[in-house]
Structure formats: C-alpha cells, structure tokens
Amino acid sequence: MSDKPAVLVARKVFPEVVQRLAQHFEVEDNPEDHIHSPEELTARLQGKAGAFVTLSERIDAALLDAHPQLRAVCNMAVGYNNIDVAACSARGVLVSNTPDVLTETTADFGFALMMATARRITESERFLREGRWDRWAYDMFAGSDIHGATLGILGMGRIGQGIARRGALGFGMKVVYHNRSRLPAEQEAPLGARYVDKETLLRESDHLVVVVPYAPATHHSIGAAELARMKPTATLTNIARGGVVDDAALAQALREGRIAAAGLDVFEGEPRVHPALLALRNVVLTPHIASATVATRRAMADLAADNLIAALTGGVPPTPVNP
Ligand code: DGY
C-alpha cells in the first residue's frame, strides 16, 4: 500500500495536471467525466484527504460529516458558491479557489457577450443561416452603440474592473458602477468610473454587466423591480452566476420589451436553461464559458493543483479562501 495521501479529481481535467498530482498523491480521477450525484460523490471521497473539484460538485456539511478525514477542497473556479465555506472552516478543511489567472479572459468574454447582445450578432447569424437574407434594409438588426454609451457594472471586483477598463479605454464608454465598497480614487480615476447607488446604476446604464459573486445576499439582485427601472433600450449581461439574476423575471421583461436584450453565460439551475429564455430571439445564450480559453483553463487547473499539493504536503496554499 502507498503511503501517499489519496485525493479525488472529481471531473476530467488536463492529463498533465493529473500526472503532476500523481507525483504527490494516490489519485482517483474521472477521465470519463461522469457528473456525480451527491451520493456518488460521497462514495468516491471515501478515504480521500483532498478533493480537486469544480462548480459541478456541491460540498456541504453532510458530505463533510461523512468524511472527517478530508483536509482540503480545491475548487477550479474563482467563484466558490458550490462550497459551504463556513462548514469547511468549522471542520478545519482548507478551501481554495483560482482568482487572478482568469480575470482578463473572463473580462474579454464579458465584453464580447455585451457586444454580441447590443449588436445582435447571434440573432442575425441565425437569420442568415436560415436562408432568410434576401435584401439590405435600413433597420435590419439595428442594435445599439457600444462606443460612447454608458457601461454599468454591478460588482467591481477584478473582473468588473477588467470590463470597465475595456469599456473606458478601448471604446470611450462612460463607466458607472455599484459595489459593496467604493474603489480607491486612484483606481477610479484612470477609468473615469463613477460610484453610484444601485438605483442610479439601473437608471443610467445603456449596457449593464453583472459580475457580482453569488451569495444569499446577492440572490436575485436583478429581478422584476430592478428590470423595471432600466431603460427600454438597455442590455443586460450576466457572467457572474445564475441566481444573481431572476431568469423568469428577465424572460418576462425581454418578452415585454422592458429592456432590449440580454446576454447570459450563467443560469439558475444550469445546465438547465429556463425555457422562456430559449424561446426568445433577443437573448444571447452561452454555456458558462467566460473563462474558457485553453491557456486560462490550464492556468486554473494548475493553480487548483498547486493549492492541493501545498495543503496536503505542509506547504502554503497560494490562494486559500479560508486561510
Ligand atoms: C469561475 O471561475 O467561477 C467560473 O465561473 C468557472 O468557469
């Protein structure tokens, strides 16, 4: 029997990263990429000292109680709402995430999704592919401008600031934002970013991008009441988490033309998508891919592995959530 600690790699990841983990641990991995039910996950964690997980694994108090030997849960994501961090801390289990390495890639995608939404790119592509394009027309797929428009950002963390930078410096957008706390003046100044209350953010934004982490306090931060305060010409982009936006209320607002369009990379209950959203033409839908470039996903996997190795070999995990 090996004296290496045993770990679970819960989803399929880069083989090179699994090989690196295997230098330190007895690794049980998941090359067939099976999505585990809570019962299956509990069974597979038998005897494991650590877990390399993704947002598809829920780590809660019941699972932790079934595995008192578990010492580290390393998430391959910056968001960690799939993990009950308080329950982990109470049991001395280290939790880590993967900040920074995905900031610019995710900001690129958030900006691209906002542009695709405002300029109706996927809707017009569908029209062309369906063989319906037979003439030029002055109002065909006329959308709204990005340059010079007001970019609203809900949640001005690292990714929010990356989107603000792209808007202000690349496209001459006016930036307004709302966040738990105001940025220091030296961070606001180069972006010309104006800190506003949520009401003003909703009222002034031409393009509102939601980048706030999911927590009970941010559940349905954008619902029917908030959508009613937005401009009828506005777009909404969500790259944060499903649940921060009330998808049913959003579908109704889009259907009734209370806002112009939405771009969504995340959904309540994903991978299920609210059927009312699927039925709408003025919404761009992508399958939670904001951080999905090969280089960034590799950097995320490497960082999650670094955390797991450090946590179980007496090192200092680089990005703990509950140090
Ligand atoms: C994150 O890192 O939180 C992303 O949503 C996962 O790709």
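**Notebook: cores, a helix pair and the ligand shell**

I looked up the largest nonpolar core first and found 51 residues, with Ile153, Ile163, Ala164, Val175, Val210, Val211 and Ile259 making the most contacts inside it. I took a nonpolar core as a set of buried Ala, Val, Leu, Ile, Met, Phe, Trp, Tyr and Cys residues joined through C-beta atoms within 7 Å, buried meaning that 20 or more other C-beta atoms lie within 10 Å of a residue's own, with C-beta atoms placed from the backbone. Helix H5 (residues 103–118) contributes the most to this core, seven residues; helices are DSSP runs (H or I, at least four residues), numbered from the N terminus. I noted another core apart from it, of 42 residues, including Val9, Val13, Ala305 and Val321.

This is a predicted model, in which local features need pLDDT of at least 70 and side-chain atom pairs count only at pLDDT 80 or more, while totals for chains, interfaces and linings use all residues. Residues are numbered from 1 along each chain as its sequence is written.

I next examined helix H1 (residues 15–22) and helix H13 (residues 294–312), which pack at about 10° with axes 10 Å apart. Axes are lines fitted to C-alpha atoms, for helices over the stretch in contact, and angles run from 0 to 180 degrees between N-to-C directions. H1 and H13 are therefore roughly parallel, the class for angles under 35 degrees. Val17, Arg20 and Leu21 of H1 meet Ala301, Asp302, Ala305 and Leu308 of H13, contact being C-beta atoms within 7 Å.

Last, I listed the residues around the ligand: Leu55, Ala77, Val78, Gly79, Leu102 and Ser291, each with its C-beta atom within 6 Å of it.

How values were computed:
Buried ≥ 20, exposed ≤ 12 C-beta atoms within 10 Å, placed from the backbone. Helix = DSSP H or I, 4+ residues; strand = E, 2+ residues; numbered from the N terminus. Parallel < 35°, antiparallel > 145°, perpendicular 65-115°, else oblique. Contact = placed C-beta atoms within 7 Å.
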